[in-house]
Amino acid sequence: MAKTLDYLITLYPAHRDGAFVVTQFQMLGSYPEKRIQAAGMDDLIDQVTQFAMEHGESCSASVRCLAPRKPPGFKRATENLYFNLVDRTNEKRGTAAA
């Protein structure tokens, strides 16, 4: 069984723009955060997904391991966590044409 570790999840606003995902970040901004404990990468991803779905908005999840050493596979499992992405490609094209 994997060792239980502490993590901090932060959700940043994000949206899809064509083939790219744009994450918005402002210094000194406040974003939804949650501290969790997870045993293994599957448990961690399940809890991150549940938190993002409860948030309900288009977002990018940043996961920070609070333990002195990150577990194996942490970077690969947490590098591209996007949820509920809204495609804003047409919005930009519509305003540029107007």
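Okay, let's start with Thr89, which sits in helix H3, residues 89-97. Keep in mind that this is a predicted model. Is Thr89 buried or exposed? Buried: its relative accessible area is 11%, and the cut-off for buried is under 20%. So what does Thr89 touch, once you skip residues up to four places away in sequence? The list is Arg16, Asp17 and Gly18. Take Gly18 from that list: 71 residues separate Thr89 from Gly18 in sequence, yet C-alpha to C-alpha they are 5.3 Å apart in space.

Gly18 takes us straight to the next bit, the hairpin. Strands S1 and S2 make that hairpin, with two residues between them. Gly18 is in the turn, and its phi is positive, about 70 degrees. The pairing between S1 and S2 is antiparallel and runs over four bridges. If you want one pair to click on, find His15, which stands opposite Val22 in S2.

Now stay with S1, residues 4-17, for a minute. How many of its 14 residues are buried? Ten of them, so this strand is mostly covered, going by that under 20% cut-off. And S1 has other partners. With S3 it runs antiparallel, joined by seven bridges. In that pairing, Tyr7 has Ile36 as its bridge partner in S3. With S4, residues 59-65, S1 is again antiparallel, and again there are seven bridges. There, look for Ile9, whose bridge partner in S4 is Val63. One textbook reminder while you have the sheet on screen: side chains in a regular strand alternate between the two faces of the sheet.

S4 also brings up the cysteines. Cys59 is buried, at 1% relative accessible area. Cys65 counts as buried as well, with a relative accessibility of 11%. How many disulfides does the structure hold? Zero.

Okay, over to the surface. Between strand S2, residues 20-23, and strand S3, residues 33-39, there's a loop, and Met27 lies in it. Why do we call Met27 exposed? Because its relative accessible area is 68%, and exposed means over 50%. Met27 is also part of a nonpolar surface patch, along with Phe25 and Leu28. Together those three residues have about 450 Å² of accessible area.

Let me zoom out and give you the whole chain. There are three helices and five strands. Reading along the sequence, you get β-β-β-α-β-α-β-α. The C-alpha atoms fill a box of roughly 60 × 25 × 25 Å, taken along the principal axes. Of the 98 residues in the chain, 34% are buried. The chain exposes about 6,900 Å², and 49% of that is supplied by carbon and sulfur atoms.

Last number, on contacts. Take the contacts in the chain with a separation of 6 or more: what share comes from residues 24 or more positions apart? That share is 70%. The Thr89 and Gly18 pair I opened with, 71 residues apart in sequence, is one to pull up on screen.

That's it from me. If you'd like to poke around afterwards, I'd begin at Thr89 in helix H3, hop to Gly18 in the hairpin turn, and then follow S1 across to its antiparallel partner S4. Thanks, everyone.

Note on methods. Residues are numbered from 1 along each chain as its sequence is written. This is a predicted model: local features need pLDDT of at least 70, side-chain atom pairs count only at pLDDT 80 or more; totals for chains, interfaces and linings use all residues. Side-chain values use heavy atoms; hydrogens and water are left out. Patches are made of residues with over 30% relative accessible area and no salt bridge: like charges are joined within 9 Å, nonpolar side chains (Val, Leu, Ile, Met, Phe, Trp, Tyr) within 5 Å. Accessible areas come from the Shrake-Rupley method with a 1.4 Å probe; for residues, only the protein chains shown count as cover. A salt bridge is a side-chain nitrogen of Lys or Arg within 4 Å of a carboxyl oxygen of Asp or Glu. Buried means under 20% relative accessible area, exposed over 50%, partly exposed in between (1.4 Å probe, protein chains only). Contact means heavy atoms within 4.5 Å. A disulfide is a pair of cysteine sulfur atoms within 2.5 Å. Two strands pair if DSSP finds at least two bridges between them.
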